[in-house]
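Reader: Please take me through the sheet and the cores of this model. Keep it brisk.

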Amino acid sequence: MEQSRIAHSIGIALDRFIKNNQEQFQYASGELSQLLRDIALASKVVNREVNKAGLIDIMGAMGSQNSGGDSQQKLDVLANIRFTRALSKGGEVCALISEETESYVDLNNDGKYVIAIDPLDGSSNIDVNVSIGTIFSIYRRKSPEGTPIQQQDILQKGTEQVAAGYILYGSSTMLVYTTGHGVNGFTYEPSLGEYFLSHPDLKMPDDGKIFSVNEGQALSFAPSVTSYLTYCKQNGYTARYIGSLVADFHRNMLKGGIYIYPATAKDKNGKLRLMYECNALAFIAEQAGGLATDGKNRIMDIVPTTLHQRVPFYVGSKKMVEKAGSS
Ligand code: P6P
């Protein structure tokens, strides 16, 4: 289709949507627009690099490790650079928490927002062309603007998020976000270089028949996890596990399902990180009518104690997460 018909045949552009809805944002309206625009811009650059990764030498591992000891892929480091640059230019962000950096990055003492980000989650899938994603949370700083960043700005619980979202670099690239007034999904049209509203007011089915868990570690699961998985199998549920959190989460949000990364012998508190993976997806899940817990407690109520803290993660259709938590 020529470009004008593409633009006419799909929803409102992201920029226009943000402007039309910025009165919902509890702080100065222009600030959120700027933040989301900076994130969207960086994602377009990352999307281009992810799409050509097979052609130029940016596949594979860097030979270095991130804060959690995970092998850093070249694209992990590239994505972290792109998002850090984009977020520092806008001036709105005082500190950035990233999976790729040991401590938080001090960006601008005058900034009003703190961003927690996993620049490229699922990066081990890059070399085999499986969907990967970016996950981000946006917090308002607690300390006065213009002063040095404090612990209270950094370790905020999930209920303090003012916005959260993810970008899924898949068969098409999507940006999905919430500011606490529902969830909306935008699909990227590369020929126009724009995101367009494609999934307005996303709602997660209350129940579902898809469970996403890596059963390779089932021998070390707690009895409650084993019991729930047995229940799923006895009731004919489908197992779907991509090994890329954003992709599994997105499918389960559209179709109904549950993703579980429980405590295992290898990861005593689970593998996923509270600050830049679980809180963001928990916010989106709850805004879409779903639920996110650590098996017992609401994820967004957990008070973080360390930057890269891991938590067991149960997220998806409300009835499924409740059932898993009561097994
Ligand atoms: P495992 C990717 O490394 C990730 O953080 C998530 O995207 C994914 O769901 C999970 O870890 C996969 O972990 O142990 O099943 O390979």
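**Sheet and cores**

Author: An open, mixed sheet is built from 8 strands, ordered β4-β3-β5-β6-β7-β8-β9-β10. Strands (E, at least two residues) and helices (H or I, at least four) are DSSP runs numbered from the N terminus. Two strands pair if DSSP finds at least two bridges between them. The model is predicted: local features need pLDDT of at least 70, side-chain atom pairs 80 or more, while totals for chains, interfaces and linings use all residues. Residues count from 1 along each chain as its sequence is written, and side-chain values use heavy atoms, without hydrogens or water.

Reader: Which strands stand at the edges?

Author: Each edge strand has a single partner, so one side is left without a neighbour in the sheet. These strands are β4 (105-106) and β10 (194-199).

Reader: What is the bridge partner of Glu189 in β10?

Author: Strand β9 (residues 183-189) runs antiparallel to β10, with 5 bridges joining them. Glu189 pairs in β10 with Glu194.

Reader: Which helix gives the most to the largest nonpolar core?

Author: A nonpolar core joins buried Ala, Val, Leu, Ile, Met, Phe, Trp, Tyr and Cys residues through side-chain atoms within 4.5 Å. Buried means under 20% relative accessible area (1.4 Å probe, protein chains only). The largest core has 37 residues; Ile115, Leu120, Ile138 and Tyr177 touch the most other members. With 8 residues, the top contributor is helix α3 (residues 29-51).

Reader: How many residues are in the other core, which includes Tyr166?

Author: This core lies apart from the largest one. Ala280, Leu281 and Ala282 are also among its members, and its count is 33 residues.

Conventions
Buried < 20%, exposed > 50% of the residue type's maximum accessible area, 1.4 Å probe, protein only.
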